[in-house]
Amino acid sequence: MTETFEKVEDIEIRLLLEALYHRYHYDFRSYAMSSIRRRLRQAREQLGFATISAMQERVLHHPEMLDDMLRFLTVQVSEMFRDPSYFAAIREKVVPHLRTYPSLKIWIAGCSSGEELYSFVILFREEGLEERTLFYATDINPEALAQAEAGIYDIERVRLFTENHLDSGGKGSLSDYYTTGYNRCILDKSLRRNVVFSDHSLVTDQVFGEMQLVSCRNVMIYFDRDLQDRAVGLFRDTLPRNGFLGLGSKETLRFSTHADGFREFVRDEKIYQRIGS
Amino acid sequence: MKDNPNGAIIIGASAGALEALSMILPPLPATYPYPIFVVVHLPPNKRSVLAAIFDLKCQLRAIEAEDKEPVEAGFIYFAPPNYHLSLEGRTHVALSSEEEVLFSRPSIDVAFESAADAWGSQLTAIVLTGANHDGSQGLSAVVRSGGTAIVQDPSEAFARAMPEAAIRACPSAQVLTLSKISTYLQNIENEH
Ligand SMILES: C[S@@+](CC[C@H](N)C(=O)[O-])C[C@H]1O[C@@H](n2cnc3c(N)ncnc32)[C@H](O)[C@@H]1O
């Protein structure tokens, strides 16, 4: 009984993901199933559908429901200077290499609502590299990208951001970069001077030029192994020899088919460097 | 290629976890036939030393899981702080930074539910000491999928709220002392 029930649910999930792909070109078909299953169960409950098939019928015929689906299907948890030791390693170990380039391009892939992007811009400003850098911030979730472009966060989060910034070796005070009002923290728009925001999927899109640094944190954990290989393949193509790739603290290239294209640069922080070939 | 294991153990624990796990994991032999997943509530922003401690204490290898870690018999996989651990089928561990569940990341419920999906009746799930209600929902999912549910006897638990909640949610669970749980795990192949 139960066994059959579980299998029906998996069929429904597969059909819903197909529907989203064919109708809207959002491709979640190779995402990690355990997490997709959990979030679609949540969506079904919270949006009040009896079955996942019923939800599929609705989203297929009502484009206005797509944003709801995306909200459940993409995970939008982020912080400024999340894992301060990662940003400390970028500052201390990666920046000295980047200084040797007259101009820089860096790519924040899966930037969510912008916290990681602004962390990089502030770090680069503090290190005197901002002027020569073009930042690409990409994501597939339009609501998240709009928030990233706005650069406005709940004031209650600023304390954590400030602590993280300090722990990451931040030079000035984070408060130099924002103003407050109406319980919100509004980041200085000058931080966006050299930023390009763009809708880009690591599943269906191609690379767009050579980057000296790619930071893609806590995005590929939602992909299955094959899809991770595709995404890392993109990074392999976009990084020249000696370019850097930073991942989330529990992500690794150990299991990747592209492991031979990289070496561990700061092992504990999951910062890799592109090697020849 | 090694044969895929035909069963798995998953354990959830909170306050008092170290002592409780120290009674049941070290006696297991290096040739243990199943993988063991362990979810312990941890402070989010500190590195955890649990896997290192148990790697020293145990005959089995204990590691903190990274994303898409392959699953093998004879390994103990600890959930890292600040990530949910789930099972991606029977072959891999997956991590996620989704919202906290019942104020916890890792969440025992999340891990148990995915383990129930992956292993069905071949799963043994154990709820140990803890001062919250995490694990009850997950244990119910394990029971619904035909798995074996075990709860530490609350009367000997360092914190009794978590095992008590699990028993309320799963009246069919076996309620055992740590020493009985230890025996159960050592004889697991005869228990099924
Ligand atoms: C958990 S957030 C990570 C945010 C940030 N990088 C960090 O570590 O704090 C994951 C982000 O990945 C995005 N994402 C999911 N699938 C994607 C894809 N195929 N291509 C690009 N971004 C994707 C989601 O929309 C979400 O904003």
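When I say that a residue is near the ligand, I mean that one of its heavy atoms lies within 4 Å of it. Please keep in mind throughout that what we are looking at is a predicted model.

Let me start with the ligand, which lies between chains A and B. There are 22 residues around the ligand, and those that come nearest are Tyr31(A), Ser78(A), Arg82(A), Glu116(A) and Asp139(A). Two of these names come back when we look at individual atoms: the side chain of Ser78(A) has an N or O atom 2.6 Å from an oxygen atom of the ligand, and a polar side-chain atom of Asp139(A) is likewise placed 2.6 Å from a ligand oxygen. The backbone takes part as well, since an N or O atom in the backbone of Gly110(A) lies 3.0 Å from a nitrogen atom of the ligand. How much of the ligand does the protein bury? Of the 610 Å² that the ligand exposes when taken alone, the protein buries 99%, and the space that the ligand takes is the largest cavity.

Staying with chain A, I would like to point out some loop residues. Ser113(A) sits in the loop between strand 1 (104-109) and helix 6 (115-126), and its side chain makes a polar contact of 3.0 Å with the side chain of Glu115(A). Is Ser113(A) buried or exposed? Its relative accessibility is 7%, and because buried means under 20%, Ser113(A) counts as buried. His25(A), in the loop between helix 1 (2-24) and helix 2 (33-47), has a relative accessibility of 56%, and because exposed means over 50%, this residue counts as exposed. His25(A) also has a positive phi of about 60°, although it is not a glycine. Asp83(A), in the loop between helix 4 (66-73) and helix 5 (84-98), is another residue other than glycine with a positive phi, here near 55°.

Now to chain B, and to helix 3. In the loop between strand 6 (92-96) and this helix we find Pro106(B), and the peptide bond leading to Pro106(B) from Arg105(B) is cis, with omega near 15°. At the start of the helix, a side-chain oxygen of Ser107(B) reaches to within 3.2 Å of the backbone nitrogen of Asp109(B). The helix has 12 residues, so at 1.5 Å a residue it should span 16 Å, and its end C-alpha atoms are indeed 16 Å apart. Helix 3 is mostly covered, with 10 of its 12 residues buried, among them Phe112(B) and Trp119(B). Just after the helix, Gly120(B) takes a positive phi of about 50°.

Note on methods. Residues are numbered from 1 along each chain as its sequence is written. Chains are lettered from A and ligands numbered from 1 in the order in which they are written. This is a predicted model: local features need pLDDT of at least 70, side-chain atom pairs count only at pLDDT 80 or more; totals for chains, interfaces and linings use all residues. Side-chain values use heavy atoms; hydrogens and water are left out. Helices (H or I, at least four residues) and strands (E, at least two) are DSSP runs, numbered from the N terminus. The expected span of a helix is 1.5 Å times one less than its number of residues. Buried means under 20% relative accessible area, exposed over 50%, partly exposed in between (1.4 Å probe, protein chains only). A polar contact is a pair of N or O atoms within 3.5 Å; within protein, one must be able to donate a hydrogen and the other to accept it, and residues adjacent in sequence count only if both atoms are side-chain atoms. Accessible areas come from the Shrake-Rupley method with a 1.4 Å probe; for residues, only the protein chains shown count as cover. On a 1 Å grid over the protein atoms alone, a cavity is a set of points where a 1.4 Å probe fits but cannot get out, and a pocket is an open set with protein on both sides within 12 Å along at least five of seven lines; lining residues have an atom within 4 Å of a point. A molecule sits in a cavity or pocket if more than half of its atoms lie within 2 Å of its grid points.
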